[in-house]
Amino acid sequence: MRDKGLNKNRKFNIRFIPLCVIYAAACVFFFIKLINIQITGADRYVKTMSLSHEREVVVQSLRGEIYDRNGVPLVTNEYTENLQLDYASLPKGLKERNETLSQIINVLKENGREVITVMPVTGTYPHIKYDEEALKSQTAQNRMYRFLLYHNIRTGVNCLDFYEELLNDFGLVDSEGEHIYDSETEDKIVRLRYSLDATNFAADNPYVIAENIDLPLTTAVLESGCKGVSVKKEYKRKYNVPGVGSNIIGRIGKIPEEKMEEYLAKGYSYDGVTGLSGAEAAFEEILRGENGITVYVEDDYGNILESYVKKEPVPGKNVYLTIDINLQAQAEKLLEEQIKIIKADGIASGQQNRGEKADSGALTVTSVNTGQVLALASYPTYDLSTFSEDYETIVQNPAKPLFDRSISGTYQPGSTFKLATTIAALMSNTITPNTTINDTGHYTFYPDYQPWCWKRDGHGPVDLIDAIGVSCNYYFYETGRRTGIETLNKYCKQLGLGEYTGIELPEKKGILAGPEYKETMGKRWYSGDTLAAAIGQSDNSFTPLQLSSYIATAVNGGTRYKSTVLLKTCNYSGSDEEVNAPQILGTVDMDETCVDCVKRGMRRSKELTTTTKNYKFPIGSKTGTAQTSQTNNNAVFVAFAPYDAPEISISCVIENGSTGTLAAAPVLKTISFYYGLDNNGNPLKS
Ligand SMILES: [Zn+2]
């Protein structure tokens, strides 16, 4: 057997000689080829290394803080640590990436946390459906659209098909259709991977998977050795006087996706934040500072070779608002209390238009001699510190807490407008302070429009001060008619009625009734319209801030200051202070006699009104009742204090508040608080 085998082998040897030659030749060929490859390859490799690229990363500047006029911190910065996924070091291969993500998901789970995801799908596979509620947001829709495009999935795909396509795309099922992970982990991976692709996850746009993490979690993540995850220190806003002045302070948040390009051009990063409302938005340029830039030099594999600071970040400046936060808190509280009282009494009366529908309102306090806004209360309001948790309740509240009625709500001024008519009539020499008009109750000058005084049997002969005091409509029909709408409008504009107050927050312009406005509506102005306009009706509609600004302008002698909430700015160390000096928007053509008449008229009104007559501190005030529908009136009230040298002017509007006098209480109490008086306007006993 053995020999046979040997022979056989020898036979083979002989037969294989030519093959060996060929083999040797092949070896030589491949050896040369190999050397060739190695040399060329090395060459190419060196070239690649020399092509290492620089990646610029935006370093967030520290956002400026917000204080009130007395230096009370309203919004400060609080540091938090977030866990984020980094594009450069996260494995790219399907399986490797899934494995890494599942590790991270598990580390979080072991520490009682869930990864943050944004996929608009609810339920557990296969019992899933699109989250219609989530998809109502423009951002969620944009993300979905981007994702479908990126994954080449047709729009309108049903949810189950969509999900299964993702399982395939993300390599979560093998070629036999077997699932690789348990269903819970699989679902989290799908959602996380969706979130990455849908939010533009990239080298310059890391994805935050957990916010506000604690030390045990940080340690656990670092010890797990997971690739692609890092801890990033970030700051978040801390609201030091929660629930007060939220409408003025406003929110910050992620840059709205539809404005991303615009923001990127201004030096923001993808994951940057910006002011979204209130002072945070209005003073964005002051608060934001300048982002810095760190440059990372990386090879093609995303390994960081070196890094350097290209530009140091510059912190934003601190903003001091003109708001007195204690006064603001008081104004908000008093407004809310009064609205609740009106509503409760209205319901208890069992009658209509007794305030039973009062749910909202505004109260503003402005400085008469600077235009500085001291308080802007709007009810209902919300709490910035719990905004995210309360979001659903806030947006579902029919009274719209996010709507700042003090500057965005417009209301008929009612009889508070009669002071503007007074100024126009006096300054155009239409009347004198002594002009007496006999009010017979029914104004019958025009045949086609014959309105009544609110006192149907008439006030009899009244002079100007009494007419303001008793709020005689008849007197102002006649005065308005004689003055004429053009002259009336001229003075109203000077007083800032239907004009922007200039406040830095988003305000409404309001409407000044007159031919100009009627024309924009394609309508004609009739003579009779002037009668309604002169007593604050017709199209007249102003913001509460406009009303307090108008009273301030009238009683300070006719200087119309730009309304402002900005007192000053300074940098972190308190240096480089820039004070926002009062600005004059215009002056009213009015003399001392005229100012005096306005003040005396408002004092008379205060003395003749039940709710104000016993208030001891010297003030001027005027009520207004504006009919908004057959069964509803808004309560309007304006005041200034102190009488002799006015410092503050106040307005209050309570929607469906039934009658102007009902808006007086919170105004008087606000004055008392400001001047340290009791509710009757007497000095507090010390
Ligand atoms: Zn009258």
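These legends walk you through a predicted model, from the whole chain to a few close-up views.

**Figure 1. The whole protein chain, with its 23 helices and 23 strands.** The radius of gyration is 37 Å, well over the 26 Å that the globule rule gives for 686 residues, so the chain is more spread out than a compact globule. Along the principal axes, the C-alpha atoms fill a box of roughly 150 × 55 × 55 Å. Of the 686 residues, 41% count as buried. The chain is divided into domain 1 (87-227) and domain 2 (325-387 + 394-570 + 579-675), and the C-alpha centres of these domains lie 56 Å apart.

**Figure 2. Helix H3 meeting helix H5.** Here H3 (residues 138-150) packs against H5 (residues 183-198) at an angle of about 95°, with the axes 8 Å apart. The two helices are therefore roughly perpendicular to each other. From H3 come Arg 143, Met 144, Arg 146, Phe 147 and Tyr 150, while H5 offers Tyr 194, Asp 197 and Ala 198. Sorted by type, the residues of this contact are five nonpolar, no polar and three charged.

**Figure 3. Two cis peptide bonds that end in proline.** Most peptide bonds are trans, which makes these spots worth a look. A cis bond joins Tyr 125 and Pro 126, with omega about 5°. Pro 126 sits in the loop between strand S4 (121-124) and strand S5 (127-130). Another cis bond joins Tyr 379 and Pro 380, where omega is about 0°. You will find Pro 380 in the loop between strand S14 (373-379) and helix H12 (387-396).

**Figure 4. Asn 200 and Ser 658, each with a positive phi.** Most residues other than glycine have a negative phi. Asn 200 is not a glycine, yet its phi is about 65°. This residue belongs to the loop between H5 and strand S6 (207-210). Asn 200 is partly exposed, with 16 other C-beta atoms within 10 Å. Ser 658, also not a glycine, has a phi of about 80°. Its loop runs between strand S23 (648-655) and helix H23 (664-675). Ser 658 counts as buried, having 26 C-beta neighbours inside 10 Å.

**Figure 5. Glu 284 in helix H10 and its surroundings.** Helix H10 covers residues 284-287. Leaving aside residues up to four places away in sequence, Glu 284 touches Thr 274 and Gly 275. Gly 316 is 32 residues away along the chain, and its C-alpha atom is separated from that of Glu 284 by 9.0 Å. With 18 other C-beta atoms within 10 Å, Glu 284 is partly exposed.

Technical notes. Residues numbered from 1 in each chain as written. Predicted model: local features only at pLDDT ≥ 70, side-chain atom pairs only at ≥ 80, totals over all residues. Axes fitted to C-alpha atoms, helices over the stretch in contact; angles between N-to-C directions. Helix = DSSP H or I, 4+ residues; strand = E, 2+ residues; numbered from the N terminus. Parallel < 35°, antiparallel > 145°, perpendicular 65-115°, else oblique. Contact = placed C-beta atoms within 7 Å. Nonpolar A, V, L, I, M, F, W, Y, C, P; charged D, E, K, R; others polar. Rg over C-alpha atoms; globule rule 2.2 N^0.38 Å. Buried ≥ 20, exposed ≤ 12 C-beta atoms within 10 Å, placed from the backbone. Domains from an automatic or database assignment.
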